[in-house]
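Reader: I would like to learn how to read the features of a protein model. Could you walk me through one?

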Amino acid sequence: VLVINNMIPFIGAIFTEDERESSIESAFKYAIYKINKEKSLLPNTQLVYDIEYVPRDDSFRTTKKVCRQLEAGVQAIFGPTDPLLAAHVQSICEAYDIPHIEVRIDLEYNSKEFSVNLYPSHSQLTLAYRDLMLYLNWTKVAVIYEEDYGLFNLMHSSTETKAEMYIRQASPDSYRQVLRAIRQKEIYKIIVDTNPIHIRKLFRSILQLQMNDHRYHYMFTTFDLETYDLEDFRYNSVNITAFRLVDVNSKRYIEVIEQMQKLQQNGLEKINGIPYFQTKSALMFDSVYSFASGLHFLYSERSPKFILKNLSCTSDQVWDDGILLYNHINSVTTDGLTGNVKFLEGRRTKFKLDILKLKQDQIEKVGFWIPDDGVNISDPTAFYDSNIANITLVVMTREERPYVMVKADRNITGNTRFEGFCIDLLKAIAQQVGFQYKIELVPDNMYGVYIPETNSWNGIVQELMERRADLAVASMTINYARESVIDFTKPFMNLGIGILFKVPTSQPTRLFSFMNPLAIEIWLYVLAAYILVSFALFVMARFSPYEWKNPHPCYKETDIVENQFSISNSFWFITGTFLRQGSGLNPKATSTRIVGGCWFFFCLIIISSYTANLAAFLTVERMISPIESASDLAEQTEISYGTLEGGSTMTFFRDSKIGIYQKMWRYMENRKATVFVKTYEHGIKRVMDGNYAFLMESTMLDYAVQRDCNLTQIGGLLDSKGYGIATPKGSPWRDKISLAILELQEKGIIQILYDKWWKNTGDVCNRDDKSKESKANALGVENIGGVFVVLLCGLALAVVVAIFEFCWNSKKNLNTENQSLCSEMAEELRFAMHCHGSKSKHRPLKRKCIKCSSGSTYVPSNMGAPNADVHYNYFS
């Protein structure tokens, strides 16, 4: 047992033979030299170190070297970086309570006692790679790893990475074989986790296989990608990304670099003539400062007196103060060359990784990643290099008016043979993003629909999935099924599903059209009210004494009275007031006036309503539409309906969970041979033929309706969706084109293109003028001829009644005069024909005065009693 009052801490370091005189050893020695020289951390203490070199993979000799250092009384052991040797050293340090400080990646989840590792924990690195993959929208990734303890285990353990992973182990001899297999599988996102010594051989294989164009994106796991020569990759637009742990912009880093340059053997790398600290060297430098900081805090809490024991690997005796030193090192927070250094149970936490991206000039920092906030990109355009004007993309499309149309001139070749809305939009996007393109038509003329029987796709979707096209610019709807296998940009047009139908025929004109303003039941109710009120007026006039009057006012003492509201007069009064004409009869009693007033109000409302509605019914053209909505379609079978075969509209009905749409799909599926059409033109033609409704997207529906006044849209939209530009999964063009679409929308260019191809083509149907003409049509005989029919029928009826009255009266006179009917009728006719104006020809009186006859409606009283009461015969 050795008690030291004037403390001289003794630390040990284990390096492999290939690390002798390396940059990591230089960083270790320089850190101790700097601490001893500055005296800021340990003013009264000098650090002493002992370095041992061991062969790589020789655990036996490593164990003997560590035991020798324990016998010398070391207070901490640094290294080694080899994972197999480090595990043996860790077990010894843990057995004897000696702090073990490491700077290597450790893939084990469980924390280790007395182990302090400055390399970022593998769980944090998993989050970093996952977040960057999500930001870049990687969905199909190949992982090339070289060692069994590399990133393969790191990525394999991440259950949150939803990308399709193709994992291959490789060696320098099999690089070309593995890369060729990745190219055949058309995987363009590649994570490389190889030994940094072999990266140059990997670069050579990439160049030989020509896997260095804009489609490929390589992510390297090494933190020292800047130290490699990337001259061959700068001008091919290939994407290379990596993380960097060393904070090259910190004041401490700049200060240490300047001081180490003064040393002859500083171990610094040179990047374009600028000195650079490799990651492992920087971690070793920070590890020494972390140990010194822990020792400093330990000195601050207690007297710098330690009881050091000469430990032996053959003994069970441990160092009692080792736990104190380990706890203080574990609680250290310092600023080092690798940024903020902080530990949690011996693991590095709260660190920052710079995100590097290769550009034409050099590899540059374009953002950073921290555990709490994830990826923070300071230069979003770095991943979408604008200097790609020489790149030619294959654009797949489908001929569809007015989106894509082939010009009639067969002498035109290339992209100029196409025109339409999508062609103009593609041209604007290509100019803004910066690329060339080649337009091709999809072979099967389908947009793309999933086929459950074959578990495959067809149309444009299949071309994109098999990477035979880079973009798809057409009237292609964004939906869930397609989005699961390909990517879409932001929608450049919003739309929905509508029903195209032929304009309903005009309602046939009838002679009695003037009766249309009121429904048949209203006419029946008016007739019933007419009869009811007429009888009510008659009865009330009979019961009321105020409706009886003396027909001869000069003879006041007469007991003869009469009532003006007989049955015929009551009906005549109601008829006259209903037709807004006078009848010459006026109610005198309060009860009859109430009946009359109510009837007047009733007539006012009925006639006003009739008059107001009559103008609309007679002057506006009325249409008869057999369907008004999708529900009407679903509830009938006379009118067939269908969609475009293989389109998103068909998919919508097939996958819908709404009852009406499910019913419509069953109808269409059972008649798929007759209701589905191959093109929109065919569907429109079937609508024009009649008895067919075409379910189509609203933009195409609007295009068809504006060009043919015989077509119309029925009801509203059945759903809401959008058209987007499609790309293969993980394409780097998606976000660039999305930004271009948003900018074109904000500038109004897309709206200008829409007006150009929908409204300003010169073949638009002018519906406004037709509507105005239909409202200004003059009324013809076919509209109001029924009024004349009613008038003529009324006149004919009056003549018939007059003849009947004439014959009836002649017969009555015949019975009293004992004269033949013919002579009586001839006499009556001569009398009627010779009576003109106020003149009258005297003829023998043959008719008794109705006032004196026994059949009179006047009621006689008791003539012999002058003061007798008047008697009323109400039902005479």
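**Reading the fold and its pockets**

Author: Gladly! The chain holds 27 helices and 37 strands. Keep in mind that this is a predicted model.

Reader: What percentage of the residues in the chain is buried?

Author: Of the 876 residues, 48% are buried, where buried means under 20% relative accessible area. For contacts between residues at least 6 apart in sequence, 68% join residues at least 24 apart.

Reader: Let's turn to the sheets. In what order do the eight strands of the open sheet that includes strand 8 and strand 20 run?

Author: The general idea first: strands of a sheet pair through backbone hydrogen bonds, either parallel or antiparallel. Here the order is 8-7-9-10-11-18-19-20, and the pairing is mixed. Strand 8 (164-169) and strand 20 (374-377) are the edge strands, each pairing on one side only. Ignoring direction, neighbouring strands of this sheet are turned by 25° against each other on average.

Reader: How many bridges link strand 9 and strand 10, and in which sense do they pair?

Author: Strand 9 (residues 189-193) pairs with strand 10 (residues 217-220) in the parallel sense, over four bridges. To find the pairing on your screen, look at Ile191, whose bridge partner in strand 10 is Met219.

Reader: Which helices lie across strands of this sheet?

Author: Helix 4 is one of them: the strands it lies across include strand 7 (140-145), strand 11 (239-244) and strand 20, and helix 4 runs at about 50° to strand 20. Helix 6 (residues 175-184) lies across strand 7, strand 8 and strand 9, at about 160° to strand 8.

Reader: And what is the strand order of the open sheet that contains strand 6 and strand 17?

Author: That sheet has eight strands in the order 3-2-4-5-6-17-16-15, with mixed pairing. Its edge strands are strand 3 (48-54) and strand 15 (333-336). From one strand to the next, the twist averages 30°. Strand 6 and strand 17 (residues 347-349) run parallel and are joined by two bridges; Asn117 stands opposite Arg347 in strand 17.

Reader: How should I read a helix, and which residues of helix 10 are buried?

Author: An α-helix has 3.6 residues a turn, so residues three or four places apart point the same way. In helix 10 (residues 322-330), the buried residues are Gly322, Leu325, Tyr326, His328, Ile329 and Asn330. Their cover includes strand 5 (100-102), strand 6 (115-120), helix 9 and strand 16 (339-344).

Reader: Now the pockets, please. What volume does the largest pocket have, and which residues are closest to its centre?

Author: Rolling a probe the size of a water molecule over the atoms shows where empty space is left. In this model, the largest pocket holds about 1,300 Å³ of space. It is lined by 41 residues, and those closest to its centre are Thr194, Asn195, Pro196, Ile197 and Lys280. Helix 9 gives the most to the lining, with three residues. By class, that lining divides into 16 nonpolar, 12 polar and 13 charged residues.

Reader: What about the second largest pocket: what is its volume, and what lines it?

Author: Its volume is about 500 Å³. Among its 21 lining residues, Glu226, Ile271, Asn272, Ile274 and Gln362 are the closest to the centre. Helix 8 (251-260) supplies at least two lining residues, as do strand 12 (269-271) and strand 13 (274-276); the largest share, four residues, comes from helix 8. This lining has 12 nonpolar, three polar and six charged residues.

Note on methods
Residues numbered from 1 in each chain as written. Predicted model: local features only at pLDDT ≥ 70, side-chain atom pairs only at ≥ 80, totals over all residues. Heavy atoms only, no water. 1 Å grid on protein atoms, 1.4 Å probe; cavity = no way out; pocket = protein on both sides within 12 Å on 5 of 7 lines; lining within 4 Å. Points joined across faces, edges and corners; volume = space filled by probe spheres on them. Nonpolar A, V, L, I, M, F, W, Y, C, P; charged D, E, K, R; others polar. Pairing = 2+ DSSP bridges. Axes fitted to C-alpha atoms, helices over the stretch in contact; angles between N-to-C directions. Contact = heavy atoms within 4.5 Å. Buried < 20%, exposed > 50% of the residue type's maximum accessible area, 1.4 Å probe, protein only.
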